[in-house]
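Student: I would like a close look at the aromatic ring pairs in this model. Please take me through them in one go, with geometry and surroundings.

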Amino acid sequence: METNWVKNAAGRLVPTQVNGEEVIPFQGVGKYRVHGKMHAPTIPSFVDFPKDGNKVVDSLKTALQKAGLKDGMTISTHHHFRDGDLVSNRIFDIAHELGVKDLRWFPSASFPCNSPLIKYLEDGTIHHIEGSLNGPLGRFASEGKMCGTAVLRSHGSRVQAIQDGEVKIDIAVIAAPTCDSFGNANALYGPSACGVLGFAEMDVQYAEKVIMVTDNLVEFPCLPIQLEGNYVDYVVVVDKIGIPEKIVSGTTQITRSPDRLKIAELTARFCLETGILHDRCIIQSGAGSISLAIGVFIHQILKEKNWKAAVSFGGSTKYSVQMLQEGTAEKILEGQLFDTAAIESMRQNPLHHNFSVFNAYNYHSKGNLTSMIDLVTLGATEVDVNFNGNVVSHSDGYLLHGIGGWQNCLHAKNVILPIPLFRDRIPVIVDEVTTLCGPGELIDVIVTERGIAINPLRTDLIEKAKATNLPVKSIYELKEEAERICGKPEKPQFTDKLIGIVKWPDGTVIDAIRQVKPND
């Protein structure tokens with residue numbers, strides 16, 4: 001089928017049809033308004049379920065068969081187990097055994113542990129993936145080997161797609177660290193504890209069939225209840241659903257690089273001296289090595305000023321937990337947890353509260369958390385001279401990262417990208433990003449080890465920075481400095497074949513991704 005292309009509001013050529021379905025080109029930030037009703041699954045009936053509430057079946061294979069697994073279905077999973085997931089791959093092992101073809105896998109994210117699924121992409125068991133493409137899966141797609149077209153969404157865009165019926169989930173398979181026979185589940189306890197299950201909440205509520213898979217079946221009721229059994233069709237008990245040391249870390253590490261510590265220190269100073277950081281602010285915390293260092297510097301500033309953050313929004317680590325314990329953060333709203341200290345805090349502290357991605361990021365809602373956040377710090381693989389950001393591909397054009405909540409956080413009041421000026425002697429600031437994930441009008445500040453660039457649209461921050469001795473430069477000056485040190489890199493080469501699209505949080509298409517041209 002011939003693909004029609006149009007230029008969207010960001011100036012990128014994008015298709016109007018993907019995987020046989022119509023898509024809407026990006027119309028500009030805040031310009032697109034959706035019409036219609038929210039999607040809903042088929043209404044179930046109490047009489048069709050066990051009167052004793054026991055939904056346990058003998059195997060995942062049995063559960064999938066009872067759920068009606070067949071060709072062309074959409075199968076969803078969550079990524080709270082990260083690279084320690086032992087459930088997602090097993091679903092497609094079973095589908096292959098049963099001869100099922102052309103499945104759409106709809107994960108909240110994928111990881112290198114999912115690379116065994118490449119063989120099922122090759123043989124047609126899986127038609128395509130709609131979710132992040134990390135590592136080997138990204139390389140496979142970038143080389144044009146996937147049957148269908150990849151659809152990359154942020155966490156919030158995934159929620160939007162489920163709610164709006166853009167993606168109708170046939171079977172959601174939810175790995176649950178603790179579960180009862182009725183299907184009530186939480187992630188706080190059990191050998192595979194990951195703390196929260198917020199990325200699975202929409203799947204459970206909107207899927208036609210829901211299967212809970214656990215290695216820690218407890219007596220009814222499983223408390224506290226994070227996911228409710230009323231939405232669940234089947235419960236499966238297995239020996240092991242995850243590898244604990246790959247789900248969460250016993251320790252999360254702050255960068256030791258002098259350059260990256262300088263970036264973190266400059267970011268914290270900039271936030272203080274321009275008034276972004278203040279008493280009762282709302283901040284977003286991250287788990288990257290630079291973000292962790294920024295969090296430590298901010299914690300010190302808040303302590304010295306006798307200030308506190310009203311809310312810290314996670315992914316949390318022991319460092320954000322320390323802020324809660326020492327009074328520099330009043331509450332934590334939790335989307336995901338990255339280490340054992342954060343899980344223990346969730347278990348013990350009522351001010352460390354489970355907060356789903358639906359409430360945090362859904363663009364098609366009556367407001368969400370992101371626009372209330374005073375400060376968010378985010379990474380990027382590339383930034384261009386117009387402050388546009390890329391987080392999914394590298395300078396070689398290969399898809400190696402997911403979007404996560406990156407796009408959604410761009411709607412915060414102040415968005416700062418603390419990034420090195422170059423990585424592996426390749427400049428991070430370029431003329432034009434390889435893949436457009438976020439428009440420059442939403443990115444306020446770039447902080448590097450060699451200077452700070454403020455978006456010209458933020459005249460308020462430019463004026464405030466003039467009263468400081470911060471090393472403010474234009475983004476062009478930073479780009480030129482990087483190129484003096486590293487040289488100007490060659491742009492990646494692509495064929496005309498469409499291999500993926502990037503969705504914006506409102507469901508429109510902000511960019512298209514083509515196959516990386518093979519080396520001669």
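Tutor: Phenylalanine 313 and tyrosine 361 are both buried. This is a predicted model, so read every value here as computed from it. The two rings form an edge-to-face aromatic pair. Their centres are 5.9 Å apart, and their planes stand at 90 degrees. Phenylalanine 313 belongs to strand S17 (residues 311–313), and tyrosine 361 to helix H12 (residues 357–361). The two positions are 48 residues apart in sequence, so the pair ties a strand to a helix. Phe355 joins in as well: ring pairs link Phe313, Phe355 and Tyr361 into a cluster.

Now the total. The count for the model is 5 aromatic pairs. Another of them is formed by phenylalanine 26 and tryptophan 504. Here the ring centres lie 5.9 Å apart and the planes meet at 75 degrees. An angle over 60 degrees counts as edge-to-face, so this pair earns that label. The contact links distant parts of the chain, with the two positions 478 residues apart. Phenylalanine 26 sits in the loop between strand S4 (21–22) and strand S5 (56–57). Tryptophan 504 sits in the loop between strand S30 (494–503) and strand S31 (509–516).

How buried are these two? The cut-off is under 20% relative accessible area. Phenylalanine 26 has 5% relative accessibility, so it counts as buried. Tryptophan 504 has 0%, so it counts as buried too.

Rings also meet charges in this model, as two cases show. Arginine 158 places its charged end over the ring of phenylalanine 106, at 4.3 Å from the centre. Lysine 51 lies over the face of phenylalanine 46, and the distance to the ring centre is 5.4 Å.

One helix is worth a glance for its own burial pattern. Helix H15 (residues 475–486) has 12 residues. From first C-alpha to last it reaches 16 Å, close to the 16 Å expected at 1.5 Å a residue. Its buried residues include Ile475, Leu478 and Ala482. Charged side chains are on that list too: Lys479, Glu481 and Glu483 are among the buried residues of H15. Just after the helix, glycine 487 takes a positive phi of about 85 degrees.

Notes
Residues are numbered from 1 along each chain as its sequence is written. This is a predicted model: local features need pLDDT of at least 70, side-chain atom pairs count only at pLDDT 80 or more; totals for chains, interfaces and linings use all residues. Side-chain values use heavy atoms; hydrogens and water are left out. Rings of Phe, Tyr and Trp (its six-membered ring) pair if their centres lie within 6.5 Å; planes under 30 degrees apart count as stacked, over 60 as edge-to-face and the rest as tilted. Helices (H or I, at least four residues) and strands (E, at least two) are DSSP runs, numbered from the N terminus. Buried means under 20% relative accessible area, exposed over 50%, partly exposed in between (1.4 Å probe, protein chains only). A charge sits over a ring if NZ of Lys or CZ of Arg is within 6 Å of the ring centre and within 35 degrees of the ring normal. The expected span of a helix is 1.5 Å times one less than its number of residues.
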